[in-house]
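Please open the model in a viewer and keep the selection panel at hand. The tour below proceeds from one selection to the next.

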Amino acid sequence: MVPSKLDVETATHWVRRIEESLPNLANQVGCSLDEYLMSVSAWSGKNPLVHEFAEVLRSDITSTVEAITGGQIELLESKLLMKGENCPWATHAHQDIAYRWQGKRQQYQFSTWLSLSTIGPMQAPLEFLPKSHLEPVSEYQDYLDPEFVDRKDTQEWKKKHQSIVMNPGDMVIFDSRVWHASSEWAAPPRRYAMVMRWIVAGIKDTEVPSPRGERRWMYDFSTWLEQSLQKFTDEKSQPSESSLEVAIGLDSISAELRSLLQRYRINRAAGIHHGGTAQRGMLWGPLAEAVRAELRARDVDAVALP
Ligand SMILES: O=C(O)CCC(=O)C(=O)O
Ligand SMILES: [Fe+2]
């Protein structure tokens, strides 16, 4: 933990700028602010404001991060995370490195996670499992897999984890191998954090197990969704229409699924326009569940993925 990496006024000012930009972001994808906040809860460096903050932080913190990691560093990517009344869900326990198996996305060795707001026990503090960076790297934690078991729910986690409460401007730096999670957001203020991924020069890639299951739910989600929706829309759709649009227009799907598909559409548009994305509980989990329920209701076998 590096306290007060940013002064409280600057952190608070950034939160204000983020919140002021939200109506504009909703406008860009053509939905209301409420609809937008039900569909998007994180933004990549493709977002101009996130890019601007990341550049300021890069010059502010590079020397600190180099002193801690003991090497020359390079910024790989940045993301702004929000948890609040529309996205209160906890983050499942995982090691970041596990999502970077050979031939997949580039590995990074450290993350800095800088809080822009006050994070007490009710604002979804980060949780770490001490010494867990010394364990062998696990297969990636696929929270969309119906069989997924969250290590956060184990007795071991409950006994051993450390919760990190933070003031605006405090920064945590953590190894990509350490197991971490966060608890559920339960009360204002909204939680905003800037996370930046750092490559340290001269460190060899870590051996990461390739996924074993036939389905990589998190990675093949949009393909699976598309194939599943085609099952609902088969006879009715014209070849030129996307199955998402057709499915949203169907009377036969549940109101719940329609609303999730509308949120998915907003989320994808936000991704294209300004790097918007969503965290686990907000969209992917409930959408996967609603599609599975619809498939079951129609007595259609779940689609086999390649
Ligand atoms: O903010 C969170 O809840 C989790 C963040 C995280 O997993 C990460 O930054 O690697
Ligand atoms: Fe993580």
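A residue is called buried if 20 or more other C-beta atoms lie within 10 Å of its own, exposed if 12 or fewer do, and partly exposed in between, with C-beta atoms placed from the backbone. This is a predicted model, in which local features need pLDDT of at least 70 and side-chain atom pairs count only at pLDDT 80 or more, while totals for chains, interfaces and linings use all residues. Residues are numbered from 1 along each chain as its sequence is written, and chains are lettered from A and ligands numbered from 1 in the order in which they are written.

**Two positive phi angles**

Select Lys131, in the loop between β5 and α4 (155-160); helices (H or I, at least four residues) and strands (E, at least two) are DSSP runs, numbered from the N terminus. Lys131 counts as exposed because it has 10 C-beta neighbours inside 10 Å. Its phi is positive, about 70°, although Lys131 is not a glycine. Most residues other than glycine have a negative phi, and most peptide bonds are trans.

Move next to Ala124, in the loop between β4 and β5 (126-128). Ala124 is likewise not a glycine, yet has a positive phi of about 60°. Is Ala124 buried or exposed? With 26 C-beta neighbours inside 10 Å, Ala124 counts as buried.

**A cis peptide bond**

Select Pro188 and Pro189, which are joined by a cis peptide bond with omega of about 5°. Pro189 belongs to the loop between β8 and β9.

**The sheet**

Now display the four strands of an open antiparallel sheet, in the order β3-β8-β5-β6; two strands pair if DSSP finds at least two bridges between them. β3 (91-94) and β6 (162-164) are the edge strands, each with a single partner strand, so one side of each has no neighbour in the sheet. From one strand to the next the twist averages 25°, where axes are lines fitted to C-alpha atoms and angles run from 0 to 180 degrees between N-to-C directions. Between the antiparallel strands β3 and β8 there are two bridges. For a close view, select His94, whose bridge partner in β8 is His180.

**The ligand shell**

His180 also appears at the last stop, among the residues around ligand 1. A residue is near a molecule if its C-beta atom, placed from the backbone, lies within 6 Å of it. Select Leu81, Thr91, Asp96, Ser111, Trp113, His180, Ser182, Ala193 and Val195 to show this shell. β4 (110-115), β8 (180-182) and β9 (191-200) each contribute at least two of its residues. How do the shell residues divide by type? Four are nonpolar, four polar and one charged, where Ala, Val, Leu, Ile, Met, Phe, Trp, Tyr, Cys and Pro count as nonpolar, Asp, Glu, Lys and Arg as charged, and the others, Gly among them, as polar.
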